[in-house]
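Dear colleague,

I am passing on the model we spoke about, and the notes below go through what I found in it. Please have the sequence and the coordinates open while you read.

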Amino acid sequence: MIIPAGLISQKSFREADWWRREGDGVRCTLCPHVCFLSPGETGRCGVRIHMEGEGLRSLSYGMVSSLAMDPIEKKPLYHWKPGTRILSFGSVGCSMRCPFCQNWKLAECAPSVPLRRISPEEPALLAQRHGAPSVAFTYNEPLTWFEFLLDSCTFLSEFKIPAVLVSNGMINADPLDQLLPQVAAANIDLKAFTAEAYRFLGGELETVKRTIQTLLNAGKHVEVTFLLVPRINEEIPAFTEMTAWLASLDPAPVLHISRYFPNREWREPATPPERIREFEVIAKERLPWVYPGNIDGDIVTRCRNCGGVLLLRHRYSVLQNNVTSDGRCAFCSSPSPIIL
Ligand code: SF4
């Protein structure tokens, strides 16, 4: 049995949700990989294991690798509770394998990652103790932490603390339906817009599209991040098609176009800032709210009625906030897209 080193200290593992027996093996039905696991095998995410006689178990339940109070702009969420802090939790494991991953040690459950066990009440208790108005599940892929996410969200909703997902969107329809009532807002990575590019990254485009659409249909606040990576997703026709698809959604989500930096095994130089600007111009032909990410300079949200500055940000700080408490432009009183 291969259990990632940092997870070995657990005495027992919580039974996973979303699996079934198939002969001597089990099939995990949480994400579109639907891994078939013989006894002792872990799934592609590295954190769900078939324990003989016990079925599918979650190795990462309650195991925290990262915990920080972040500005919400760092998630990034630009139109939801701007200028607030968000208590952010991460574990280990990921359902994709992007060669440029910025958090690859967490994704791979690297032995050097220290892990601490917490109970599902702790996100809510810590958020309350430190006055955090919301909690994020982020850093690694939180959907592979499904059972802990759900249990934590039960306590968060008791405390009326909204939960945020920062995710690759790789989840099957039924488990997403189960999670949906617990999530207030999400930032979903849309890493490319061809099935081929997604296959190369170990994901599935149609699933990610369905996740974005389902969240929006359920009235959740959704922002989308597109990391522009040389030799991965630079083709302008595919990007244009992506912006057209996003624009067809109701409401069209906020789009962040972020600069990549070399990491893991991807050695292409960092995306030039002018390339980000070029893609920003293309996206703005169809989408109302487009922001550059990981580049210097002020980021402004303007009122679409009077042009006044609703929000002025620098890096992760909000320098000006001209949105009234009922979500209107302070200059002309027209409705703003900002949720306070
Ligand atoms: S969640 Fe993990 S084990 Fe389950 S199907 Fe996806 S990659 Fe496989």
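I begin with the ligand, whose shell is made up, by class, of 6 nonpolar, 4 polar and 2 charged residues. Please keep in mind throughout that this is a predicted model. The residues that surround the ligand are C28, L30, C31, H33, V34, C35, G43, R44, C45, R48, S95 and T144.

As for the overall layout, the chain is divided into domain 1 (5–58), domain 2 (63–295) and domain 3 (297–340). The C-alpha centres of domain 2 and domain 3 lie 23 Å apart, and the contact between these two domains draws 13 residues from domain 2 and 13 residues from domain 3. On the side of domain 2 that touches domain 3, the classes come to 7 nonpolar, 3 polar and 3 charged residues.

Turning to the interior, nonpolar side chains in soluble globular proteins tend to be buried together. In this model the largest nonpolar core has 89 residues, and C28, V135, A163, V164, A186, V224 and L255 are the ones with the most contacts inside it. This core lies between domain 1 (5–58) and domain 2 (63–295), because both of them give residues to it. There is also a second, separate core of 6 residues, which includes C303, L310, L311 and I338.

C28 deserves a closer look, since this residue is listed around the ligand and is also among those with the most contacts inside the largest core. Which residues does C28 touch, if neighbours within four places in sequence are left aside? They are A16, W18, W19, V34, C35, L37, G43, R48 and L56, and of these V34, C35, G43 and R48 are also found around the ligand.

Two open sheets come next. One has 3 strands in the order β2-β3-β4, with antiparallel pairing. In this sheet β2 and β4 (36–37) stand at the edges with a single partner strand each, so one side of each is left without a neighbour in the sheet. Strand β2 (residues 19–22) is joined to strand β3 (residues 25–28) by 4 bridges, with E22 standing opposite G25, and the two strands form a hairpin with 2 residues between them, where G23 in the turn has a positive phi of about 60°. On the other side of the pairing, β3 and β4 run antiparallel over 2 bridges, and R27 stands opposite F36 in β4.

The other open sheet also has 3 strands, here in the order β1-β6-β5 and again antiparallel. Its edges are β1 (14–15) and β5 (48–51), each of which has a single partner strand, so one side of each is left without a neighbour in the sheet. Between β1 and strand β6 (residues 55–58) there are 2 bridges, and R14 has S58 in β6 as its bridge partner. G55, which is placed in β6, has 15 C-beta neighbours inside 10 Å and therefore counts as partly exposed. Although G55 and A16 are 39 residues apart in sequence, their C-alpha atoms are 8.2 Å apart in space. Apart from neighbours within four places in sequence, G55 is in contact with E15, W19 and V26.

Finally, some points of backbone geometry may be worth checking on your screen. Most residues other than glycine have a negative phi, and most peptide bonds are trans. The peptide bond from K75 to P76 is cis, with omega near -10°, and P76 is found in the loop between β8 (66–71) and β9 (85–90). A cis bond also runs from D250 to P251, with omega near -5°, in this case with P251 in the loop between α7 (236–247) and β15 (254–259).

Positive phi values occur at Y139, where phi is near 75°, and at R231, where phi is near 70°. Are these two residues buried or exposed? Y139, in the loop between β11 (134–137) and α3 (146–158), has 22 C-beta neighbours inside 10 Å and so counts as buried. R231, in the loop between β14 (221–228) and α7, has 8 such neighbours inside 10 Å and so counts as exposed.

With best wishes

Methods
Residues numbered from 1 in each chain as written. Predicted model: local features only at pLDDT ≥ 70, side-chain atom pairs only at ≥ 80, totals over all residues. Domains from an automatic or database assignment. Contact = placed C-beta atoms within 7 Å. Nonpolar A, V, L, I, M, F, W, Y, C, P; charged D, E, K, R; others polar. Near = placed C-beta within 6 Å. Pairing = 2+ DSSP bridges. Core = buried A, V, L, I, M, F, W, Y, C linked by C-beta atoms within 7 Å. Buried ≥ 20, exposed ≤ 12 C-beta atoms within 10 Å, placed from the backbone.
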